[in-house]
Every structure is written in structure tokens, then in C-alpha cells.
Amino acid sequence: MAMFDALTGLPNRTLIEDRLERAIAAQRRNPATVSALLFADLDDFKRINDEHGHRAGDAVLQGVAERAMHAVRDVDSVSRWGGDEMIVLLENAGRDKIPELVERVRSAIETPVDYAGLKLRVGVSIGVAIVPDDGDGVQDIIRRADRKMYEDKQKRRELRARRA
């Protein structure tokens, strides 16, 4: 259990970093392969905790984790990075398939979660880093994806503000 998140059952930071290290090593051995790391942060998660309580928040995290797992291929990994952040590792994914996989993960996460008769919905901001394009080390890839996630979050805020 030291490698898995107790709430969601997903791999934790230690395990996903190990899997990313292996994906980087595999890419070095076979330069034709490409992997992608998605750094996902739930939008409006704090509101759910504030309005409905932490059990509702836990239910959302569990539901999001389950849906994200079903949205990826068997060779991919979904992990809980911490709080309301997740990392998805798409191993040996064709470059042309990455946008489709990202949207599949986004759609799965944004599907409402049923809890106590409520339909709780979160958005998700996702940053994508490509192995080898965005770095050659675990921390480089994670930092790049995290930075891109914040860029996505800002774009989504601006879009919501224009709609309001």
C-alpha cells in the first residue's frame, strides 16, 4: 500500500515517478516511441468541499479517479499526485493520438459524480508534456506539464470570464 493512494487506490507520486522513469528509459532505447505526461488539476474542487463537505469531495475524487482509469488504455497509468491533482502517463502513444487521449481524459473527469442525490461536477485543467520533446528527466517532464497545466487553467478562466 506504500505505492498507492489510500482514498482513490491510484498509484501515488513514488510509483508514477518510477513509471515515468521507465518510460523515459524506454524512449531512449527506442527513439521512435513517444510518451506523454498529463498533469491534471480539478477546477472548482474547493467549492464542492466548502458547499457539500469533505465526504462529497472524497466521493468526487474517487469518481474522477475511476473514470480517468477507464478513459485510458491498459498500458497507461493514472495517479493521484496530491490534493486534487492527478498525473496520467500515456506510454508509447502515437503523437497523433495524444490530443484524442487528452480529450478522453478531460471528458471522463468532467462527467458529473452522483453523491447523496446530487450531481457534482468539476472541470479540469490539463498540461501535457511529451517525452522526449519537453525534457529528459522525471522532474523536467513533471515541471513542464505542471507549467502547461497552469497555462490551461488561465485560458479556461479567461474563457469563463468572457462568457459571463
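In this predicted model, R104 is found in helix α4, which covers residues 98–110. With a relative accessible area of 35%, R104 is partly exposed, because that value falls between the 20% limit for buried residues and the 50% limit for exposed ones. R104 and K155 stand 51 residues apart along the chain, and 19 Å separates their C-alpha atoms.

From helix α4 the reader may turn to helix α5, where D152 lies. Is D152 buried or exposed? Its relative accessible area is 15%, so D152 counts as buried, the limit being under 20%. The side chain of D152 is joined to the side chain of R106 by a polar contact of 3.5 Å. When neighbours within four places in sequence are left aside, the residues in contact with D152 are R106, V124, S125 and I126.

Strand β6 comes next. This strand is mostly covered, for 9 of its 9 residues are buried. Its residues point in two directions: G123, S125, G127, A129 and V131 point one way, V124, I126, V128 and I130 point the other way, and all are buried. Strand β6 pairs with β1 in the antiparallel sense, over 9 bridges. Within this pairing, L38 has V128 of β6 as its bridge partner.

Beyond β6 the chain enters a loop. A cis peptide bond, with omega of about 20°, joins V131 and P132, and P132 is found in the loop between β6 and α5. D134 is found in that loop too, which lies between β6 (123–131) and α5 (138–163). Although D134 is in a loop, D134 is buried, with a relative accessible area of 10%. Which side chain makes a polar contact with the side chain of D134? The partner is the side chain of K148, at 3.3 Å. Apart from neighbours within four places in sequence, D134 is in contact with V128, A129, D140, I141, R144 and K148.

Strand β1 also takes part in an aromatic pair. The structure holds 1 such pair. F39 and W81 form this pair, which is edge-to-face, with 6.2 Å from centre to centre and 65° between the planes. Because F39 lies in strand β1 (residues 35–43) and W81 in strand β2 (residues 77–82), the pair ties together parts that are 42 residues apart in sequence. Both F39 and W81 are buried.

Empty space inside the protein is a further topic. Rolling a probe the size of a water molecule over the atoms shows where such space is left. In this structure there is 1 cavity of 30 Å³ or more, and the largest cavity holds about 40 Å³ of space. Its lining consists of T8, L10, L61, A65, R80, G83, D84, E85 and M86. Two elements, α3 (54–71) and β3 (85–90), give two or more residues to this lining.

Two further loops deserve attention for their backbone angles. N92 has a positive phi of about 50° although N92 is not a glycine, and this residue is found in the loop between β3 and α4. A116 likewise has a positive phi of about 50° without being a glycine. The position of A116 is the loop between β4 (113–115) and β5 (118–120). A116 counts as exposed, because its relative accessibility of 68% is over 50%.

Technical notes: Residues are numbered from 1 along each chain as its sequence is written. This is a predicted model: local features need pLDDT of at least 70, side-chain atom pairs count only at pLDDT 80 or more; totals for chains, interfaces and linings use all residues. Side-chain values use heavy atoms; hydrogens and water are left out. Helices (H or I, at least four residues) and strands (E, at least two) are DSSP runs, numbered from the N terminus. Buried means under 20% relative accessible area, exposed over 50%, partly exposed in between (1.4 Å probe, protein chains only). A polar contact is a pair of N or O atoms within 3.5 Å; within protein, one must be able to donate a hydrogen and the other to accept it, and residues adjacent in sequence count only if both atoms are side-chain atoms. Contact means heavy atoms within 4.5 Å. Rings of Phe, Tyr and Trp (its six-membered ring) pair if their centres lie within 6.5 Å; planes under 30 degrees apart count as stacked, over 60 as edge-to-face and the rest as tilted. Two strands pair if DSSP finds at least two bridges between them. On a 1 Å grid over the protein atoms alone, a cavity is a set of points where a 1.4 Å probe fits but cannot get out, and a pocket is an open set with protein on both sides within 12 Å along at least five of seven lines; lining residues have an atom within 4 Å of a point. Grid points are joined across faces, edges and corners, and a volume is the space filled by probe spheres set on the points.
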